[in-house]
Amino acid sequence: MESMNLGETKGITRRRRSDRTLHLVFLVCTSIGIVALMALIVSILVDGLHRLSPEIFTNYPSRIADRSGMKSPIVGTIYLLLLMAPLSFILGVGAAIFLEEYAGKNRWVRLIQLNISTLAGVPSIIYGILGLAIFVRGMGLGRSLLSGVLTMTLLVLPIIIVSAQEALRAVPKNRRNASYALGATKWQTVSRSVLPSAMPGIMTGVILALSRAIGETAPLIMIGALTYVAFLPENLLDSFTVMPIQIFNWVSRPSQDFHDLAASGIILLLIMLFMMNLIAIWLRNKYQKNT
């Protein structure tokens with residue numbers, strides 16, 4: 001009996017030692033990532049803060065660093081986001097509702113689900129090649145803002161569909177059953193009971209997907225978005241540029257002045273991403289209180 005107790009004590013001590021070791025390893029890994037990220041952010045702030053001025057919002061890109069700004073890239077990014085957000089939300093959430101609530105569980109639905117999950121992890125450059133083949137050349141839209149919107153919508157759709165499906169699955173079945181018990185139809189149950197409960201998760205997934213989209217460069221370079229645009233797009237078929245492409249253009253130049261401009265552009269992009277994440281948190285809390 002004493003030998004059994006001694007063995008159990010040794011086993012508990014071994015497990016506790018293993019837990020402490022793993023805890024220390026995870027803490028070190030997390031600390032390395034945080035320190036590296038903070039060092040990168042500090043380096044960007046040191047290089048770019050002194051170049052932040054009203055001129056960066058009012059001046060167009062120029063070959064002279066002192067006269068260069070980000071007016072057209074900032075406006076192009078905002079246009080891209082405003083056009084892409086409602087399109088991707090309607091298509092993504094609509095597809096998630098159909099697959100989760102109406103499609104059933106047959107072989108074809110499982111195949112579609114597998115393809116959507118796979119597409120969510122495909123490198124973004126593949127979507128750029130697809131946009132080049134379909135929208136730029138196939139549909140003859142050229143290097144236009146519309147081509148960029150459709151390409152980036154394809155990029156975020158799988159992510160939005162997957163996150164929306166997860167949010168819909170998280171709604172308890174009792175809520176659906178209670179709605180049916182009160183005589184509600186399928187669509188009334190989905191629109192008035194299930195969807196409001198799933199909206200916090202859906203909105204969070206949509207905004208995070210859009211945050212990824214505005215930081216992408218490779219797909220837009222593939223469809224021919226310009227690196228130097230000294231005008232604002234007036235319609236959907238005009239040429240355009242976005243902030244990541246302008247930052248890439250400045251970083252590729254040998255002059256340190258352009259590198260500092262790129263750092264200031266990164267700061268603006270980080271602020272935009274930070275604000276979008278704050279909006280996602282606010283919307284999630286708002287809908288959680290309402291439900």
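How many of the nine residues of helix H10 are buried? Seven of the nine are buried in this predicted model, and the legends below start with that helix.

**View 1. Helix H10 is mostly covered.** The helix runs over residues 243-251. Its buried residues are Met-243, Pro-244, Ile-245, Gln-246, Ile-247, Asn-249 and Trp-250. In the loop between helix H9 (218-222) and H10 lies Phe-240. Phe-240 has a relative accessibility of 1% and therefore counts as buried, because the limit for buried is under 20%. From the C-alpha atom of Phe-240 to that of Ile-161 the separation is 28 Å. Along the chain, these two residues are 79 residues apart.

**View 2. Helix H3 packs against helix H6.** H3 covers residues 71-102, and H6 covers residues 145-169. Two packed helices are described by the angle between their axes and the distance between the axes. For H3 and H6 the angle is about 40°, and the axes are 7 Å apart. This angle makes H3 oblique to H6. The crossing of H3 past H6 is right-handed. Sorted by class, the contact of H3 with H6 has 21 nonpolar residues, five polar residues and three charged residues.

**View 3. Helix H3 also packs against helix H8.** H8 covers residues 186-214. Here the packing angle is about 140°, with the axes of H3 and H8 9 Å apart. H3 and H8 are therefore oblique to each other, because only angles over 145 degrees count as roughly antiparallel. H3 passes H8 in a right-handed crossing.

**View 4. Two charged side chains lie over aromatic rings.** Lys-186 is placed over the face of Tyr-102, at 5.7 Å from the ring centre. Arg-253 is placed over the face of Phe-258, at 4.7 Å from the ring centre. What number of aromatic pairs does the structure hold? The number of aromatic pairs is zero.

**View 5. Gly-128 is a buried residue of helix H5.** Helix H5 spans residues 124-138, and Gly-128 has its place there. Is Gly-128 buried or exposed? Gly-128 has a relative accessible area of 0%, so this glycine is buried. Its partner in this view is Gly-69, 59 residues away along the chain. The C-alpha atoms of Gly-128 and Gly-69 are separated by 26 Å.

**View 6. Thr-30 sits in helix H1 and is partly exposed.** H1 takes in residues 2-48. The relative accessible area of Thr-30 is 46%, so Thr-30 is partly exposed; exposed would need over 50%. Thr-30 and Val-109 are 79 residues apart in sequence. In space, C-alpha to C-alpha, Thr-30 and Val-109 are 39 Å apart.

**View 7. Ile-266 sits in helix H11 and is partly exposed.** H11 takes in residues 256-290. With a relative accessibility of 26%, Ile-266 counts as partly exposed. How far apart are the C-alpha atoms of Ile-266 and Ile-41, and what is their separation along the chain? The C-alpha atoms of Ile-266 and Ile-41 are separated by 9.6 Å, and along the chain the two residues are 225 residues apart.

Definitions and conventions. Residues are numbered from 1 along each chain as its sequence is written. This is a predicted model: local features need pLDDT of at least 70, side-chain atom pairs count only at pLDDT 80 or more; totals for chains, interfaces and linings use all residues. Side-chain values use heavy atoms; hydrogens and water are left out. Axes are lines fitted to C-alpha atoms, for helices over the stretch in contact, and angles run from 0 to 180 degrees between N-to-C directions. Helices (H or I, at least four residues) and strands (E, at least two) are DSSP runs, numbered from the N terminus. Angles under 35 degrees count as roughly parallel, over 145 as roughly antiparallel, 65 to 115 as roughly perpendicular and the rest as oblique. A crossing is left-handed if the near helix is turned anticlockwise from the far one by less than a right angle, and right-handed if clockwise. Ala, Val, Leu, Ile, Met, Phe, Trp, Tyr, Cys and Pro count as nonpolar, Asp, Glu, Lys and Arg as charged, and the others, Gly among them, as polar. Rings of Phe, Tyr and Trp (its six-membered ring) pair if their centres lie within 6.5 Å; planes under 30 degrees apart count as stacked, over 60 as edge-to-face and the rest as tilted. A charge sits over a ring if NZ of Lys or CZ of Arg is within 6 Å of the ring centre and within 35 degrees of the ring normal. Buried means under 20% relative accessible area, exposed over 50%, partly exposed in between (1.4 Å probe, protein chains only).
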